[in-house]
Amino acid sequence: MANLDKIKSRLKEAISQSGMTQTKLAQMLSVSPSCIAHYVKGDILPSIDKFADICLILEVDSGYLLGLED
């Protein structure tokens, strides 16, 4: 089962490992940088289409990001 703390942690890790800034990711997703900050803090979750785009941009498996696999 997906865990919000794990999602936040893995999203932050994936952004860091990509070498991309949250601002650059925001630009690529056509959202505000504060929106990405809210995703990372777990205040809000991305819509399913934004989540899919995040996985593609960061080149990370969705199951991993959701904490469903290691």
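At its relative accessibility, does Leu 58 count as buried or exposed? In this predicted model, Leu 58 has a relative accessibility of 8% and therefore counts as buried. The residue is found in helix H4, and it offers a convenient point from which to read the rest of the fold.

Taken as a whole, the chain has five helices and zero strands, so that from the N terminus on its elements run α-α-α-α-α. The C-alpha atoms fill a box of roughly 30 × 25 × 20 Å, taken along the principal axes. For 70 residues, a compact globule would have a radius of gyration near 11 Å, and the chain, at 11 Å, agrees with that expectation. Of these 70 residues, 36% count as buried. Among the contacts with a separation of 6 or more, 56% are accounted for by residues 24 or more positions apart.

The interior can be described next. The largest nonpolar core has 18 residues, and those with the most contacts inside it are Leu 11, Ile 15, Leu 25, Ile 36, Leu 58 and Val 60. At least two residues of this core come from each of H1, helix H2 (22–29), helix H3 (33–41), helix H4 (48–58) and helix H5 (62–65). As a general matter, nonpolar side chains in soluble globular proteins tend to be buried together. When residues up to four places away in sequence are not counted, Leu 58 touches Leu 11, Ala 14, Ile 15, Ser 18, Met 20 and Leu 25. Leu 11, Ile 15 and Leu 25 are also listed, alongside Leu 58, with the residues that have the most contacts inside the core. By way of contrast with these contacts, the C-alpha atoms of Leu 58 and Asn 3, which are 55 residues apart along the chain, are separated by 20 Å.

Two of the helices can be followed through their buried residues. In H2 these are Leu 25, Ala 26 and Leu 29, and because they cover an arc of only 100 degrees around the axis, they lie on the same side of H2. An α-helix has 3.6 residues a turn, so residues three or four places apart point the same way. What covers the buried residues of H2 includes H1, H3 and H4. Just after H2, Ser 30 takes a positive phi of about 60 degrees.

For H3, the buried residues are Cys 35, Ile 36, Tyr 39 and Val 40; they cover an arc of only 140 degrees around the axis, which puts them on the same side of H3. These buried residues of H3 pack against H1, H2 and H4. Just after H3, Gly 42 takes a positive phi of about 85 degrees.

Cys 35 leads on to the question of covalent cross-links: how many disulfides does the count come to? The count comes to zero disulfides. Cys 35 is in no disulfide, since the nearest cysteine sulfur, that of Cys 55, is 15 Å away, whereas a disulfide would require the two sulfur atoms to lie within 2.5 Å. Cys 55 is likewise in no disulfide, its nearest cysteine sulfur being that of Cys 35. Both cysteines count as buried, Cys 35 with a relative accessible area of 15% and Cys 55 at 9% relative accessibility.

Charged side chains provide a further pairing, and here the count comes to one salt bridge. Asp 5 forms this salt bridge with Lys 8, the closest N and O atoms being 3.4 Å apart, which falls inside the 4 Å limit and so qualifies the pair. Both residues lie in helix H1 (residues 4–18), three residues apart, or about one turn of the helix. As for their surroundings, Asp 5 is exposed, with a relative accessible area of 52%, while Lys 8, at 24% relative accessibility, counts as partly exposed.

A last look at H4 shows a residue in another setting from that of Leu 58. Ala 52 is found in helix H4, yet at 36% relative accessibility it counts as partly exposed, whereas Leu 58 counts as buried at 8%. Ala 52 and Gly 63 are 11 residues apart in sequence, and their C-alpha atoms are 11 Å apart in space.

Definitions and conventions: Residues numbered from 1 in each chain as written. Predicted model: local features only at pLDDT ≥ 70, side-chain atom pairs only at ≥ 80, totals over all residues. Heavy atoms only, no water. Helix = DSSP H or I, 4+ residues; strand = E, 2+ residues; numbered from the N terminus. Buried < 20%, exposed > 50% of the residue type's maximum accessible area, 1.4 Å probe, protein only. Core = buried A, V, L, I, M, F, W, Y, C linked by side-chain atoms within 4.5 Å. Contact = heavy atoms within 4.5 Å. Arc of directions from axis to C-beta. Rg over C-alpha atoms; globule rule 2.2 N^0.38 Å.
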